[in-house]
Number of protein chains: 2
Amino acid sequence: MYGVILAGGSGTRFWPVSREQSPKQLQKFVGSGTMIQNTAQRLLPLVPIEKMYVGTHHQQALETIRQLNPLKFSPDHLLAEPCSRNTAAAIGLMARMIADKDADAVMAVFPADHVVTNSESFIKVLQKAKSLAQKDFLVTLGIPPTRPETGFGYLKQGAEINGFQDTYHVEQFVEKPDVSTAQKYLELGTYFWNCGVFVWKATTLLEELQKHAPDIHSQLSTLTGCLQSSKGKLAYLELDENGCEIFSSLPNISIDYAVMEKSSKVILVPADIGWSDVGAWNALDDVSEKDSTGNILTGNVLARDCNNSIIHGQNRLVAVLGLNDTVVVDTPDALLVCAKDKSQDVKKLVESINEKGHSEGKLHATVKKPWGSYTILDSGPDFLLKRIEVLSGEALSLQSHQHRSEHWTVASGSAKVDRNEETFHLKVNESITIPKNAKHRLANTGSELLIIFELQFGNLLDENDIMRYEDHYGRA
Amino acid sequence: MYGVILAGGSGTRFWPVSREQSPKQLQKFVGSGTMIQNTAQRLLPLVPIEKMYVGTHHQQALETIRQLNPLKFSPDHLLAEPCSRNTAAAIGLMARMIADKDADAVMAVFPADHVVTNSESFIKVLQKAKSLAQKDFLVTLGIPPTRPETGFGYLKQGAEINGFQDTYHVEQFVEKPDVSTAQKYLELGTYFWNCGVFVWKATTLLEELQKHAPDIHSQLSTLTGCLQSSKGKLAYLELDENGCEIFSSLPNISIDYAVMEKSSKVILVPADIGWSDVGAWNALDDVSEKDSTGNILTGNVLARDCNNSIIHGQNRLVAVLGLNDTVVVDTPDALLVCAKDKSQDVKKLVESINEKGHSEGKLHATVKKPWGSYTILDSGPDFLLKRIEVLSGEALSLQSHQHRSEHWTVASGSAKVDRNEETFHLKVNESITIPKNAKHRLANTGSELLIIFELQFGNLLDENDIMRYEDHYGRA
């Protein structure tokens with residue numbers, strides 16, 4: 001079975017841990033890994049890593065590959081989307097790619113940022129779904145509701161499929177209900193949450209796309225012809241200029257709307273698997289371990305007289321006292337304190353933050369780059385201090401700055417520095433000055449992580465004061 | 001009139017803004033300055049700065065002087081106590097010093113960390129108290145209670161003093177009452193809060209000390225003989241070794257207990273002056289401006305749907321959502337989130353923090369030193385990065401380290417660096433390496449603040465790995 005993980009989330013509801021540049025699926029909330037690591041790990045019993053594909057926004061491509069690297073995920077199984085076109089386009093393109101490779105392939109589609117607490121049941125349900133998919137059904141998993149949830153779409157169970165126990169036609173796809181309707185669904189027991197997990201033969205999906213969304217289907221073959229390898233060591237799949245244009249012009253619709261609500265091949269397999277979409281901070285209550293007074297404490301936290309609160313710290317000391325049903329989330333550059341029942345409104349809060357022009361809505365203090373990351377540690381009127389981490393084998397672009405000089409000191413690892421015509425090899429405790437306008441490049445040619453501290457001087461200290469002459473990642 | 005400001009607070013209730021090394025009176029909560037700056041400023045209409053004295057713990061001496069420097073406070077009017085012996089010893093010693101200088105002196109005593117919102121009434125009350133003090137009374141200000149407070153001692157109003165309107169004998173000093181007694185006091189209108197402001201002739205106080213606390217009084221002349229100037233540019237008064245020993249052996253009692261509760265000369269002047277002892281975070285409600293939904297917001301704060309909350313931020317973005325009656329206090333290295341009605345328990349929380357061995361209970365991220373301060377910005381297994389600020393004209397000790405080398409880069413100002421036999425003058429963007437075991441000294445000989453970044457390397461990076469050969473502040 002092939003697996004397709006859709007990692008397109010924006011993650012504003014988990015601000016400040018998730019940010020636009022580093023959304024929810026790349027963060028760690030529950031279990032041993034990040035959400036996408038846990039998602040891939042969960043599938044391994046059924047889907048070997050060689051048959052796993054990931055679709056994500058090109059901004060997150062490298063970080064996603066690096067997170068899946070320990071599972072031996074192949075970088076060229078990642079498809080970087082130039083923009084978000086919802087699930088229909090992404091799934092269609094993946095189905096085309098997989099069908100071109102293996103005409104009989106059964107593919108399963110998973111959101112990257114959900115939690116399943118009962119992995120064993122999950123695998124069993126997927127095995128059943130696989131055998132149904134081989135009979136040309138479009139299988140969707142239905143989660144038995146545990147509360148009158150108004151935030152999800154529902155699947156109404158229809159007649160049982162002949163010859164298949166506990167497997168049903170879908171009588172209706174129901175939009176998010178109001179609370180009394182949701183309560184009724186909960187009591188009836190014949191409505192299920194639509195969790196976005198689908199299993200089908202790639203060819204079946206393509207046929208149904210052709211029937212119900214021909215405007216998408218008609219472009220898929222052209223698009224696979226536009227796929228190319230990205231620049232850089234971790235080369236992933238991206239669309240060329242023509243492909244980007246076509247992809248961007250596809251309708252921005254979900255696979256539910258494009259196919260599932262229309263196709264007669266859709267069937268429902270109930271899946272009691274401990275699923276949660278972990279839609280906001282308060283959803284951690286459903287999937288995390290709690291202390292004796294109902295708190296979920298992570299990081300360097302000291303709690304006294306607190307109940308049913310979620311305290312998500314990192315390195316700083318977070319001391320909490322007398323809190324009830326409160327969420328506290330601490331990150332190096334931004335802090336959230338929120339009544340738990342207002343968790344859904346964090347999205348609006350982030351909108352306000354962005355409207356006010358604060359970068360904290362979009363970027364973390366540590367800004368990821370193709371070659372590693374940087375963190376601003378301190379600044380003054382005419383200086384700026386950064387910690388720069390360069391991954392083994394990576395290099396910044398060959399560049400120069402008009403308005404600043406830089407002083408670098410190696411704190412860990414070893415650096416190769418090009419400065420105009422010269423090349424230097426710096427070890428720990430060695431430093432170098434880069435004057436204004438000097439062409440320079442910093443590279444980590446060693447096997448360890450390179451950490452340098454960069455002190456910038458100048459009257460204009462701006463990320464945009466950078467002239468790139470050459471770049472391993474196509475940014476020149 | 002002479003003024004004595006007692007600045008001995010430990011400030012655990014205002015953690016994490018106040019810490020053992022930098023207590024409440026040195027922090028800014030209300031108004032334009034820190035609490036001790038506001039206290040001194042408030043007295044200036046009656047007490048010229050040349051007649052102002054400050055008693056504090058020696059750890060806070062330099063920072064206190066630096067904070068009062070803009071008011072032209074004379075460093076040698078600060079008496080640094082070797083240990084805290086409560087108010088009787090400190091006040092007695094101050095009274096002795098002042099009486100030796102001016103036998104007729106009237107002195108007024110003030111806690112450094114209280115707030116008075118009606119300065120005009122305050123000055124009027126003090127003028128009245130001064131004229132009463134000249135008639136050999138021990139005058140204490142009584143605050144008309146505004147709530148059934150159980151955290152203060154009360155003064156019970158006695159008979160009116162002949163010939164003085166609204167001035168009373170004190171019938172009784174009452175210990176902190178229970179809530180029903182406090183409610184009764186509030187209704188009766190004849191009980192006042194004891195706010196710790198006293199006015200008397202220095203000689204009157206000394207006579208009463210002799211009568212009621214002869215063990216303290218008998219040592220005062222010896223102690224004034226033990227006073228000496230501290231080392232360093234901002235020379236304050238301290239006790240020599242003998243004096244420290246005597247001072248430490250004095251009874252650890254308050255002036256209330258030693259004299260006021262026993263003396264027949266004590267009188268009460270009601271003082272409706274908008275006083276608050278600002279005893280804990282929730283007390284800011286009484287003295288700070290609020291927004292339309294009752295919040296007190298300080299720093300880089302974004303609040304949505306919050307009511308009656310105190311959000312005290314600094315530079316980091318603090319986003320709060322749906323909070324009611326909650327206190328959020330953000331500092332660079334520690335965060336407090338607390339139900340407002342649990343504010344008094346912050347003290348216990350700090351005890352837990354100290355018990356667990358966290359330095360955040362005692363030290364700020366920025367650690368004050370006699371020459372300026374340092375802040376740890378980053379660290380790794382064998383490196384440590386510090387921002388070091390050296391005040392104009394100050395210098396670190398001549399020192400060496402056994403286990404680390406250091407790399408310094410000047411970010412602002414100019415530095416004089418001694419390294420073994422050589423001397424270097426470094427400007428912005430210049431750097432120098434200090435090898436292990438090299439004797440070195442960093443000084444700011446310029447007129448601006450000197451900021452350097454120090455990157456330490458070694459397998460043992462410890463504040464204690466320092467051999468001092470010479471020090472301007474007597475630490476060698």
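In chain A of this predicted model, helix α7 (residues 214-225) and helix α8 (residues 241-249) pack at an angle of about 160°, their axes lying 9 Å apart. Helices here are DSSP runs of H or I with at least four residues, strands are E runs of at least two, and both are numbered from the N terminus. Axes are lines fitted to C-alpha atoms, for helices over the stretch in contact, and angles run from 0 to 180 degrees between N-to-C directions. α7(A) and α8(A) are therefore roughly antiparallel to each other; angles under 35 degrees count as roughly parallel, over 145 as roughly antiparallel, 65 to 115 as roughly perpendicular and the rest as oblique. The crossing of α7(A) with α8(A) is left-handed, that is, the near helix is turned anticlockwise from the far one by less than a right angle, whereas clockwise would make a crossing right-handed. From α7(A), the residues A:Gln219, A:Thr222 and A:Leu223 meet A:Gly243, A:Ile246 and A:Phe247 of α8(A). By class, this contact has three nonpolar, three polar and no charged residues. Ala, Val, Leu, Ile, Met, Phe, Trp, Tyr, Cys and Pro count as nonpolar, Asp, Glu, Lys and Arg as charged, and the others, Gly among them, as polar.

Residues are numbered from 1 along each chain as its sequence is written, while chains are lettered from A and ligands numbered from 1 in the order in which they are written. Because the model is predicted, local features need pLDDT of at least 70 and side-chain atom pairs count only at pLDDT 80 or more, whereas totals for chains, interfaces and linings use all residues.

Chain B has a helix pair of its own. Helix α7 (residues 214-225) and helix α8 (residues 241-249) of chain B pack at about 160°, with axes 9 Å apart. That angle makes α7(B) roughly antiparallel to α8(B), and their crossing is left-handed. The contact involves B:Gln219, B:Thr222 and B:Leu223 on α7(B), with B:Gly243, B:Ile246 and B:Phe247 on α8(B).

The domain assignment, which is automatic or from a database, divides chain A into domain 1 (2-276), domain 2 (290-355) and domain 3 (366-470). Between domain 1 and domain 3 of chain A, the C-alpha centres are 40 Å apart.

Where the chains meet, 46 residues of chain B are in contact with 46 residues of chain A, contact requiring C-beta atoms, placed from the backbone, to lie within 7 Å. On the chain B side, strand β19 (residues 334-339) gives the most, with six residues. The residues of that side comprise 26 nonpolar, ten polar and ten charged.

Strands also pair across the two chains; pairing requires at least two DSSP bridges between two strands. β19 (residues 334-339) of chain A runs parallel to β17 (residues 317-321) of chain B over five bridges, and A:Leu335 has B:Val318 as its bridge partner in β17(B). An open sheet of six strands, with mixed pairing, follows the order β14(A)-β16(A)-β18(A)-β19(A)-β17(B)-β15(B). Its edge strands, each pairing on one side only, are β14 (296-298) of chain A and β15 (301-304) of chain B. From one strand to the next the twist averages 5°. At the chain A edge, β14(A) pairs in the parallel sense with β16 (residues 310-312) over three bridges, and A:Leu297 stands opposite A:Ile311.

Another open sheet of six strands belongs to chain B, in the order β20-β21-β22-β29-β24-β27 with antiparallel pairing. Its edges are β20 (366-369) and β27 (431-434), and neighbouring strands are turned by 25° against each other on average, direction ignored. β20(B) and β21 (residues 372-380) of chain B run antiparallel, joined by four bridges; B:Lys368 stands opposite B:Ser373 in β21(B).

Conventions:
Contact = placed C-beta atoms within 7 Å.
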